[in-house]
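I opened this notebook to record what I looked up in one structure, step by step. The entries follow the order in which I went through the chain.

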Amino acid sequence: MEDVFDTTGRPPKGWMHAIFHGGPYGEDVGRCIPGPPAPETLAVPLAEGGVHTYRLWTVGSWSDPDDPIAVYNPDGPPVPPSLLTGQEKEWLRDRHQKEGLGPLKLVALDAGGRLVRDPDAPTIETMLAGLQHREHLLLQWLIDDGEGDWYLQVLFDEDDTYEVVHQAGTAAEREGTRSASLAAVRDAVLRWAADQPSWRPVLEGPTAGDES
């Protein structure tokens, strides 16, 4: 990113003010970033090597609504692994079949970027149990059945609860729930990966009037 600063109170066209909490830009005053809209992430090369990633926390304004200010925090909202694109799905399916493994149906991606093709139940359990706070596990079906993506995403949050997001098709068909029970989440994820419709009631719990 270019080193663009503003000391006049109005950034150049195509740029906006930003505040950074910690990291290499933590002491900068008047730094500008491309926008609006503000980028969700900013990768800053470090002098000693490597990259420091800032994540967008919020966008506000001190006094002028026409001068939005982006606030970045290295501990911003957890970011899940990216869904595979259509081209990536095709490459994986071709590779899987060339290796004599038959049709590829499901992939699992963890927070470190590891991808497992057609994970079995023990592998999914291990990946789920290995989640640290603010980390995601993503399971994505590699099917071509209409529009959109079919996936199940699990976030292990800082309050020791699990946020489960499910999408079957387009973003309009996305829904989420939260559970404090690793056992319930594990059971639901394994059932979903086995394409069992009974995965959903596991997270919803007993209905009114049910006796345990």
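Where is T85 found? I looked it up before anything else, keeping in mind that the model is predicted, and I located T85 in the loop between β5 (69–73) and α1 (86–98). I noted T85 as partly exposed because its relative accessible area is 40%, a value that falls between the 20% and 50% limits. I also checked T85 against E163, and the two are 78 residues apart in sequence and 24 Å apart in space, C-alpha to C-alpha.

Overall form came next. I counted 4 helices and 11 strands in the chain, and I found a radius of gyration of 21 Å, where a compact globule of 212 residues would have one near 17 Å. Along its principal axes the C-alpha trace spans about 65 × 50 × 35 Å. I recorded 36% of the 212 residues as buried, and an accessible surface of about 12400 Å², with 50% of that area belonging to carbon and sulfur atoms. For the charges, I noted 17 positive and 36 negative ones, whose mean positions are 5 Å apart.

I then turned to the interior. In soluble globular proteins, nonpolar side chains tend to be buried together. The largest nonpolar core here has 23 residues, and L128, L139, V154, V185, V189 and W192 have the most contacts inside it. Among the elements that give two or more residues to this core I listed β6 (106–110), α2 (121–129), β9 (149–156) and α4 (199–204), while α3 gives the most, with 5 residues. I followed V154 further, leaving aside residues up to four places away in sequence, and its contacts include L128, L131, Y162, V164, V185 and V189. I also entered a second, separate core of 12 residues, which includes A18, Y25, Y54 and L56.

Which peptide bonds did I note as cis? The bond from G35 to P36 is cis, with omega near -5 degrees, and another cis bond joins P36 and P37, with omega about 0 degrees. I placed P36 in the loop between β2 (32–34) and β3 (41–45), and P37 is found in the loop between β2 and β3 as well.

Last, I checked backbone angles. Phi of R134 is near 75 degrees, a positive value in a residue other than glycine, and R134 sits in the loop between α2 and β8. D160 also has a positive phi, near 65 degrees, and its place is in the loop between β9 and β10. I noted R134 as partly exposed, with a relative accessible area of 25%, and D160 as partly exposed, with 43%.

Terms used:
Residues numbered from 1 in each chain as written. Predicted model: local features only at pLDDT ≥ 70, side-chain atom pairs only at ≥ 80, totals over all residues. Heavy atoms only, no water. Rg over C-alpha atoms; globule rule 2.2 N^0.38 Å. Buried < 20%, exposed > 50% of the residue type's maximum accessible area, 1.4 Å probe, protein only. Areas by Shrake-Rupley, 256 points an atom, 1.4 Å probe, with all protein chains shown as cover. Lys, Arg positive; Asp, Glu negative; His and termini not counted. Charge placed at Lys NZ, Arg CZ, Asp CG, Glu CD. Core = buried A, V, L, I, M, F, W, Y, C linked by side-chain atoms within 4.5 Å. Contact = heavy atoms within 4.5 Å.
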